[in-house]
Amino acid sequence: MSAQPTVQQPDTISPDWAIGNAGACAEAALLASTAFDPHFREAWTESQMAGLLAGGSSWLDLGRHNDQLIAFSLCRQVVDEVELLLCAVDPAFRRHGVGRTLVRQSAATAKGRGANRLFQEVRDGNAPALGLYRASGFDISGRRPGYYRTETGDSIDAITLSQAL
């Protein structure tokens with residue numbers, strides 16, 4: 001029996017980026033369902049995303065690799081401020097720079113739309129996400145006690161972060 005060859009993934013992956021609309025919500029919701037632990041109830045559904053996008057002040061930044069959606073962010077703008085409501089990276093593409101690129105892309109889109117500040121909330125205890133946002137230039141600006149609820153009803157604080165653009 002011969003050994004299977006090992007496929008080496010590159011250290012970084014550079015997705016192709018596009019702005020998505022409500023037509024991309026099904027694909028984004030599917031990725032969200034695989035990217036987030038269901039216990040924390042963080043993934044949005046297709047209808048939640050489509051409802052937000054229908055308002056006109058929100059958008060999806062979509063990252064594709066070989067035509068496969070591997071990352072997205074859902075953003076909402078109010079005047080000159082943008083909130084990153086949801087950011088997801090396909091688990092198979094984590095640890096390859098995709099998250100850092102996603103945050104940079106979201107900031108660039110927000111700035112291009114006239115935003116001066118970018119906000120994000122992260123579940124307390126989500127060390128990988130907090131590390132990513134801190135390394136991407138976000139500063140901790142506050143805490144919302146008991147903001148999130150798990151499947152079992154436990155409450156978890158939200159850490160609020162912001163970044164000047």
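**Helix packing, ring pairs and a turn with positive phi**

Helices α1 and α2 cross in a right-handed sense. In this predicted model, α1 covers residues 25-35 and α2 covers residues 46-53, and the two pack with their axes 8 Å apart at an angle of about 130°. The two helices are therefore oblique to each other. On the α1 side, the contact is made by C25, A26, A28, A29 and A32, while α2 contributes E46, M49, A50 and L53.

Another residue of helix α1 is worth a look, namely L30. With a relative accessibility of 57%, L30 counts as exposed, because the cut-off for that class is over 50%. L30 and L69 lie 39 residues apart in sequence, and their C-alpha atoms are 9.8 Å apart in space.

Attention now turns to the aromatic side chains. A pair of aromatic rings is described by the distance of the centres and the angle of the planes. The model holds 2 aromatic pairs. In one of them, Y133 and F138, the ring centres are 5.6 Å apart and the planes meet at 75°, so this pair is edge-to-face; the cut-off for that label is an angle over 60 degrees. Both partners are buried: Y133 has a relative accessible area of 5%, and F138 has one of 1%. The rings of Y147 and Y148 also form an edge-to-face pair, because their planes stand at 85°, with the centres 5.1 Å apart. Here the partners fall into separate classes of accessibility: Y147 is partly exposed at 42%, whereas Y148 is buried at 18%.

A ring also meets a charge in this model. The charged end of R123 sits over the ring of F40, at 3.6 Å from the ring centre.

The backbone offers a further point of interest. Most residues other than glycine have a negative phi. Where do N66 and D67 stand in this respect? N66, which is not a glycine, has a positive phi of about 50°, and D67, also a residue other than glycine, has a positive phi near 65°. N66 is placed in the loop between β2 (58-65) and β3 (68-78), and D67 belongs to the loop between β2 and β3 as well. Are these loop residues buried or exposed? N66 is exposed, with a relative accessible area of 66%, and D67 counts as exposed too, at 71%.

Methods. Residues are numbered from 1 along each chain as its sequence is written. This is a predicted model: local features need pLDDT of at least 70, side-chain atom pairs count only at pLDDT 80 or more; totals for chains, interfaces and linings use all residues. Side-chain values use heavy atoms; hydrogens and water are left out. Rings of Phe, Tyr and Trp (its six-membered ring) pair if their centres lie within 6.5 Å; planes under 30 degrees apart count as stacked, over 60 as edge-to-face and the rest as tilted. Buried means under 20% relative accessible area, exposed over 50%, partly exposed in between (1.4 Å probe, protein chains only). A charge sits over a ring if NZ of Lys or CZ of Arg is within 6 Å of the ring centre and within 35 degrees of the ring normal. Axes are lines fitted to C-alpha atoms, for helices over the stretch in contact, and angles run from 0 to 180 degrees between N-to-C directions. Helices (H or I, at least four residues) and strands (E, at least two) are DSSP runs, numbered from the N terminus. Angles under 35 degrees count as roughly parallel, over 145 as roughly antiparallel, 65 to 115 as roughly perpendicular and the rest as oblique. A crossing is left-handed if the near helix is turned anticlockwise from the far one by less than a right angle, and right-handed if clockwise. Contact means heavy atoms within 4.5 Å.
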